[in-house]
Amino acid sequence: MSDAERIDQIRALERLKSAAAAAQARLAVDLDTSVRAAHAAAGIPAGRQGRGVAVQVALARQESSYRGGRHLGLAKMLVTEMPHTLAALESGELSEWRAGLLARETDCLSREHRGFIDTTLCADPTVLHGWGYRRLITEIQKLACRLDPASVARRRGKAESERRVTCRPAPDTMACMSALLPVAQGAAVHAALRKAADTAIATGDGRTRGQLMADILVQRVTGQATATAVPIEVNLIMGSSTLFGQDDQPAVLTGHGPIPADLARRLAVSAAENESAWVRRLYATPDTGRLIGMESTRRVFPAGLARFIEVRDQFCRTPWCDAPIRHIDHALPHHEGGATSADNGNGLCAQCNHARQAPGWHARPQDGARHTVEITTPTGHRYRSTAPAPPGHPQTKRRRLGRAAATQARLSRHPRPV
């Protein structure tokens, strides 16, 4: 195969991906229509009809519930209101991401105005040829402002009402903290941090401007003199052998994920030195590492048990959904005899918990070395969710030793040249 043929195949596969995205959009809308009709026939109130469809779409696509909702919303808009955009997607002239930008930037407009932009930009596939993302968004915004400036203004007001601060894990045991702010406030915050950093650099501080801006942000938000001692509860989970330096099994920082043992010990020592460290013991079975919980006859999970389940599950237990835990739910519902226990409890995000209230959803605890729940969707598809292994449990050590032994055996059979 020549390089020219390789490029042709890459382009052909990209078109195939777009066509598959269009087919998925049609199928998602068909599924939503079918489920809503079944819910209406069952007498379910209109406001609850269609609940759970987005989560089914997410599971089928092996993505989070949030992404499933975004895909379903885009599918509805493309299939019912943007025929030219959908046709361009089917033909491979438009990627799924670009189709999403068209839908997002016209979301505040009426159906008629959205249709006008759909026709103007996508009826002729050559119009968008060579456009980058920024130019595409700019042209859509120009048309939207001309067609309905009032709707654009309302959208801006709504966006300002949704200002927020979020934090998500980043590579190399870092965290990415984002603030969604009105443009003037965002620019003012950045300018203030930059000015303070430049002042520190002028006085001889050896840190880079980026490091200084990050440290000053932490100091000003937390009120600390330095950016290393923050008096906020952080759940750090590690085996006792790791805590005392007997091994280097990774620890788990709740809400972030695994972190190296040396960093975990440093965080624990720093907290202890600042008299802000508390140790809570969690008990696990010695053979499998399964965390042992407690039972209660109450319907609502007690605070201690709820915290235990949150620590055990770490993130939403729906497969492929890494959203933070917001609800502690009964796998087998309480009204069906489900116990308020660690075995029958699982942590879920709000969207996944609400989705499982729709007809046809079932979740049942399963036997296993670690806490396992089997989820059955209304279509009969089954998905298994197993709680993450706690740091330092025996099976993890055995697996690592097994992999090391296998590697050594492989090297002995095929020694590397010296």
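This report walks through the packing, the empty spaces and the cysteines of one predicted model.

**The main core**

Let's start on the inside. In soluble globular proteins, nonpolar side chains tend to be buried together. Here, the largest nonpolar core has 26 residues. Those with the most contacts inside it are L78, M82, L94, L102, L121, L128 and L136. Which elements supply two or more residues to this core? They are α1 (3-41), α3 (65-81), α4 (83-91), α5 (96-105), α6 (111-122) and α7 (133-147). The top contributor is α7, which gives five residues.

Take L94 as a sample of how this core is wired up. Leaving out residues up to four places away in sequence, L94 touches S18, T85, A88, L89, A99, L102 and L128. There is also a second, separate core of ten residues, and A355, W361, A363 and I375 are among them.

**A well-covered helix**

Now look at helix α2, which spans residues 53-61. How many of its nine residues are buried? Seven are, so the helix is mostly covered. The buried ones are V53, A54, V55, Q56, V57, A58 and L59. They pack against α1, α3, α14 (350-355) and β12 (382-386).

Just after α2 comes Q62, which has a positive phi, near 60°. S64 sits in the loop between α2 and α3. Is S64 buried or exposed? S64 counts as buried because its relative accessible area is 16%, and the cut-off for buried is under 20%. Not counting residues up to four places away in sequence, S64 touches A58, W320 and C321. That links the loop residue back to A58, one of the buried residues of α2.

**Empty spaces**

Rolling a probe the size of a water molecule over the atoms shows where empty space is left. A search of the whole structure turns up two cavities of 30 Å³ or more. Here is the second largest of them beside the second largest pocket:

| Space | Volume | Nonpolar lining residues | Polar lining residues | Charged lining residues |
|---|---|---|---|---|
| Second largest pocket | about 1300 Å³ | 16 | six | 13 |
| Second largest cavity | about 40 Å³ | six | no | two |

The pocket is lined by 35 residues, and R70, R104, E105, D107 and R155 lie nearest its centre. The elements that give two or more residues to the pocket lining are α3, α5, α7, α8 (149-161) and α9 (183-202). This time α3 gives the most, with eight residues.

What lines the second largest cavity? The lining is made of A88, E93, L94, L121, C122, D124, P125 and L128. Some of these should look familiar: L94, L121 and L128 are also among the residues with the most contacts inside the largest core.

**Cysteines without partners**

A disulfide is a covalent bond between the sulfur atoms of two cysteines. How many disulfides does the structure hold? The count is zero. Take C176: the closest cysteine sulfur, in C167, is 7.7 Å from its own, which is too far for a bond. C176 is partly exposed, with 28% relative accessibility.

C316 is in no disulfide either, and its nearest cysteine sulfur, that of C352, is 3.8 Å away. Why does that pair not count? A disulfide needs the two sulfur atoms within 2.5 Å, so 3.8 Å does not qualify. C316 is buried, at a relative accessible area of 5%.

Conventions
Residues numbered from 1 in each chain as written. Predicted model: local features only at pLDDT ≥ 70, side-chain atom pairs only at ≥ 80, totals over all residues. Heavy atoms only, no water. Buried < 20%, exposed > 50% of the residue type's maximum accessible area, 1.4 Å probe, protein only. Core = buried A, V, L, I, M, F, W, Y, C linked by side-chain atoms within 4.5 Å. Helix = DSSP H or I, 4+ residues; strand = E, 2+ residues; numbered from the N terminus. Contact = heavy atoms within 4.5 Å. 1 Å grid on protein atoms, 1.4 Å probe; cavity = no way out; pocket = protein on both sides within 12 Å on 5 of 7 lines; lining within 4 Å. Points joined across faces, edges and corners; volume = space filled by probe spheres on them. Nonpolar A, V, L, I, M, F, W, Y, C, P; charged D, E, K, R; others polar.
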